[in-house]
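Please look at the sequence and the structure shown here before reading on. The report takes up the sheets, the ligand site, one helix and the confidence of the model.

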Amino acid sequence: MHTMLTWCRWHYLLRIASCRVHPLRRHTVEVRTRLITELKAVEKSQKRKSLQFMDYRRVFSKGGNGGNGCVSFLSLFANEFAGPDGGDGGNGGHVIFQADTNITSLSHVKSQLQAEHGENGRNKNCYGKSGKHLIVKVPVGTQFKDETFKMLADLYHHGDMFVGARGGGGGKGNRFFMSAHNTMPTSYEEGGRGQQRLLHVELRVIAHVGLVGFPNAGKSSLLRVLSRARPKVAAYPFTTLRPHIGIIEYEDHEQVAVADIPGLIPGAHLNHGLGIDFLKHIERCVCLLYVIDLSMSDPVQQLAALRFELDQYKEGLSSRPHAIVANKIDLPNADKNLATLREAANDLAIFPISAKHRLCIEPLLRHIWQLYCEYNDNNTKK
Ligand SMILES: Nc1nc2c(ncn2[C@@H]2O[C@H](COP(=O)(O)OP(=O)(O)O)[C@@H](O)[C@H]2O)c(=O)[nH]1
Ligand SMILES: [Mg+2]
């Protein structure tokens, strides 16, 4: 009800702002100024809403209906019964989803998608125009599931397409049914109905390397150092509210995607904090970098808690190819904590760095490259 009222008010304000004569006659200047200010505020809040990151959408997609065939008989000046001339209806458009690397969120995807209907056929054998396909761009890594959550498609590469709902075929006009036995057919076909389908559209970020760590560990700072991505950095938890992807460019133009995955706290698998929404993004990363905050006194426990969270979400997730990034070595106590971490981690690769001061980043870059090459080798062997 509240949404309905907001919607009505929004349209009322829009009419006032866009019409020059009507508001001047009915409202005083002050009222008009107030209304326009209000309109601007509403517009701003709508814009902010549309900029929000969304990684899940429930979409009802409808293909366009096919146009009906036409029943018509041609009558000419010299030939009154010149035969049937009813054209076929046009096909309905499909709803098509296309993966695009320039798109990063599902916030622009509407909850109801309707492709254009085909036009009806006309006399003089005119075919109806086919409806346009509705092409919706989605981020790479978007998955589509039906009502029963059965996987339908996974758009893994730029340009991949998935037909969410097919358009109905156009019906035949009476000209089509003309034969030697029936030269004056009155039959025609109605256009097919467009497919209607409920889809669960879900984005699962795809990256080669996922940065996993508790809030404030320095994941966003590290991503800023490694790539040109600019996630917000600040000294309070939950600064980053959506996954950010940065690209590391190596000398031979090879590109490695790194994802800063926020929202991981103890109990995230039980939906605490930002919940499990962001854990699912980790699932699609080929290898993981555990970012540990060395300024905290319990680095070993941090690592164990991170791995526990991942394993609770999906068994074996924590044992993906990984390495440990021990961040904030510039702070006091870091050396002591690093030594404790080294003892506990046995032969695991540990990279002590300072993301803020850009210290010791080179060895980490080389290790990421190594992990990436191993992944590529395994893929080519398969
Ligand atoms: N001293 C120091 N501070 C750091 C370092 N890396 C990050 N920080 C600070 O830690 C805070 C949290 O960093 P941020 O990257 O937002 O952490 P995130 O929550 O894991 O993304 C910010 O105030 C950073 O400036 C570091 O290497 N040394
Ligand atoms: Mg962050």
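## The five-stranded sheet

This is a predicted model. In it, five strands make up an open sheet with mixed pairing, and their order is 3-1-8-5-6. Strand 3 (112-114) and strand 6 (151-155) are the edge strands, each pairing on one side only. On average, neighbouring strands of this sheet are turned by 25° against each other, direction ignored.

Within the sheet, strand 1 (residues 56-62) and strand 8 (residues 196-203) run antiparallel and are joined by seven bridges. One residue pair can be found by eye: Arg58 has His200 in strand 8 as its bridge partner. In general, strands of a sheet pair through backbone hydrogen bonds, and the pairing is either parallel or antiparallel.

## The three-stranded sheet

Another open sheet has three strands in the order 4-2-7, again with mixed pairing. Its edge strands are strand 4 (134-139) and strand 7, and each of them pairs on one side only. From one strand to the next, the twist averages 30°.

Strand 2 (residues 95-100) pairs with strand 7 in the antiparallel sense, over four bridges. Here Phe97 stands opposite Phe162 of strand 7.

## Around ligand 1

Which residues come nearest to ligand 1? Of the 20 residues around the ligand, they are Gly218, Ser220, Ser221, Ala235 and Lys356. Sorted by class, the shell holds seven nonpolar, nine polar and four charged residues.

The element that gives the most to this shell is helix 4 (residues 219-226), which supplies three residues.

## Helix 4

Why is helix 4 described as largely enclosed by the rest of the structure? Seven of its eight residues are buried, and therefore the description fits. A residue is counted as buried if 20 or more other C-beta atoms lie within 10 Å of its own. The buried residues of helix 4 are Lys219, Ser220, Ser221, Leu222, Leu223, Arg224 and Leu226.

These buried residues pack against several strands: strand 9 (207-212), strand 10 (244-249), strand 11 (255-260), strand 12 (285-293) and strand 13 (322-327).

## Confidence

The protein has a mean pLDDT of 84, and 85% of its residues reach 70 or more. Among its elements, strand 7 (residues 161-165) has the highest mean pLDDT, 96, and helix 2 (residues 21-26) has the lowest, 51. Where pLDDT is low, predicted coordinates should not be read in detail.

Terms used
Residues numbered from 1 in each chain as written. Chains lettered and ligands numbered in written order. Predicted model: local features only at pLDDT ≥ 70, side-chain atom pairs only at ≥ 80, totals over all residues. Pairing = 2+ DSSP bridges. Helix = DSSP H or I, 4+ residues; strand = E, 2+ residues; numbered from the N terminus. Axes fitted to C-alpha atoms, helices over the stretch in contact; angles between N-to-C directions. Near = placed C-beta within 6 Å. Nonpolar A, V, L, I, M, F, W, Y, C, P; charged D, E, K, R; others polar. Buried ≥ 20, exposed ≤ 12 C-beta atoms within 10 Å, placed from the backbone. Contact = placed C-beta atoms within 7 Å. pLDDT = per-residue confidence, 0-100.
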